Amino acid sequence: MQTVSQSYQNAAAPVRADIEAEHERVLQHLATPGSWYSGAERLAIAEAAREARTCTLCRDRKAALSPTSVQGRHDHSGHLPDVVVEAVHRMVTDPDRLGESWFRSLLDKGLSPGRYVEIVGIMAHTVSLDTFARAMGVAPLPLPQPADGGPSGYAPACAAPGPGWVPTIAKDKAAGPEADLYAEMLGANIQRALTLVPNEMRSWFQLVGVQYLPQAWMRDFAREFRAITHAQIEFLAARVSALNRCIY
């Protein structure tokens, strides 16, 4: 299979070696069994995140005043249950209009909070890589072959309800196997979001550290670590968040 370095050879701008290495790691992370999904299922979820971009139902719902006013079936490969496809497609194409009633409807259809969080993590990793590829003017990275094995079924004992829709691990409650979760982090809600599936949280913030800034660099305003300044980075982040109607 083509390597990440080969995929980025014709990119619109030079790609740092640490980004290439990190994207290679993320591909293997997607292919590795998680807490609630096998490697093959995780890759199918990543593929569903890509399919959402051309889904007719998602397009029609996005254009409607209310997404619930448009009924139909998502365009997808058929490798996943409908409830998983609904979760992935809505997260990718219409995230700013998702509400707790929608989340509860997924639970009513058999999706557990742990599975939901793992889907969020897989979707976020995939969209991040695909957005980078699109910005660089290259095709999305080919997905690897799945690793053998089944999901672990691991649920952290220190997770507790709230403050959002799913249980999370607060910084002062992170203990045992999860004692490392908040290394150098403040424990903000955005950092808590994926903690019900700890390896998704760990992997996500490793990717954030390479593509954005590591935690230790974020508040070190005496030095600049990238080709653009802290202020320029935050201006771009704020603009992208506004365009995506990101509440956070």
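**Close-up views of the predicted model**

**View 1. Phe 235 lies in helix H11, which covers residues 230-243.** The model is predicted, so local features are described at pLDDT of at least 70 and side-chain atom pairs at pLDDT 80 or more, while totals for chains, interfaces and linings use all residues. Residues are numbered from 1 along each chain as its sequence is written, and side-chain values use heavy atoms, without hydrogens and water. Helices are DSSP runs (H or I, at least four residues), numbered from the N terminus. Phe 235 is exposed, its relative accessible area being 59% (exposed is over 50%, buried under 20%, partly exposed in between; 1.4 Å probe, protein chains only). The 14 residues of H11 should span 20 Å at 1.5 Å a residue, and this agrees with its end C-alpha atoms, which are 20 Å apart (the expected span is 1.5 Å times one less than the number of residues). Just after H11, Arg 245 adopts a positive phi of about 55°.

**View 2. Val 84, Leu 111 and Tyr 116 touch the most other members of the largest nonpolar core, which holds 60 residues.** Such a core joins buried Ala, Val, Leu, Ile, Met, Phe, Trp, Tyr and Cys residues through side-chain atoms within 4.5 Å. Two or more residues of the largest core come from each of helices H2 (17-31), H3 (39-51), H5 (82-93), H6 (100-108), H7 (113-136) and H9 (198-211). H7 gives the most, namely nine residues.

**View 3. Tyr 116 has contacts beyond its neighbours within four places in sequence.** Its partners are Met 91, Trp 102, Phe 103, Leu 106, Leu 111, Trp 165 and Val 166 (contact: heavy atoms within 4.5 Å). Another core, of five residues, lies apart from the largest one and includes Leu 57, Cys 58, Ala 64 and Val 70.

**View 4. Ser 77 is placed in the loop between helix H4 (56-63) and H5.** With a relative accessibility of 40%, Ser 77 counts as partly exposed. Its C-alpha atom is separated by 8.6 Å from that of Ala 44, although the two residues are 33 residues apart along the chain.

**View 5. Arg 245 forms a salt bridge with Asp 96, with 3.1 Å between the closest N and O atoms.** Arg 245 belongs to the segment after H11 and Asp 96 to the loop between H5 and H6, so this pair ties together parts that are 149 residues apart in sequence. Arg 245 is exposed, at 59% relative accessible area. A salt bridge places a side-chain nitrogen of Lys or Arg within 4 Å of a carboxyl oxygen of Asp or Glu; the whole structure has 17.

**View 6. Asp 180 and Arg 202 form a salt bridge, their closest N and O atoms being 2.9 Å apart.** This pair links distant parts of the chain, 22 residues apart: Asp 180 is in the loop between H7 and helix H8 (189-192), and Arg 202 is in helix H9. Both residues are partly exposed, Asp 180 with a relative accessible area of 40% and Arg 202 with a relative accessibility of 26%.

**View 7. Salt bridges with shared partners join Arg 61, Lys 62, Glu 86, Arg 90, Asp 94, Asp 96, Arg 97 and Arg 245 into one network.** Within this network, Arg 90 forms a salt bridge with Asp 94, the closest N and O atoms lying 3.8 Å apart. Arg 90 and Asp 94 are both buried, whereas Arg 245 is exposed.
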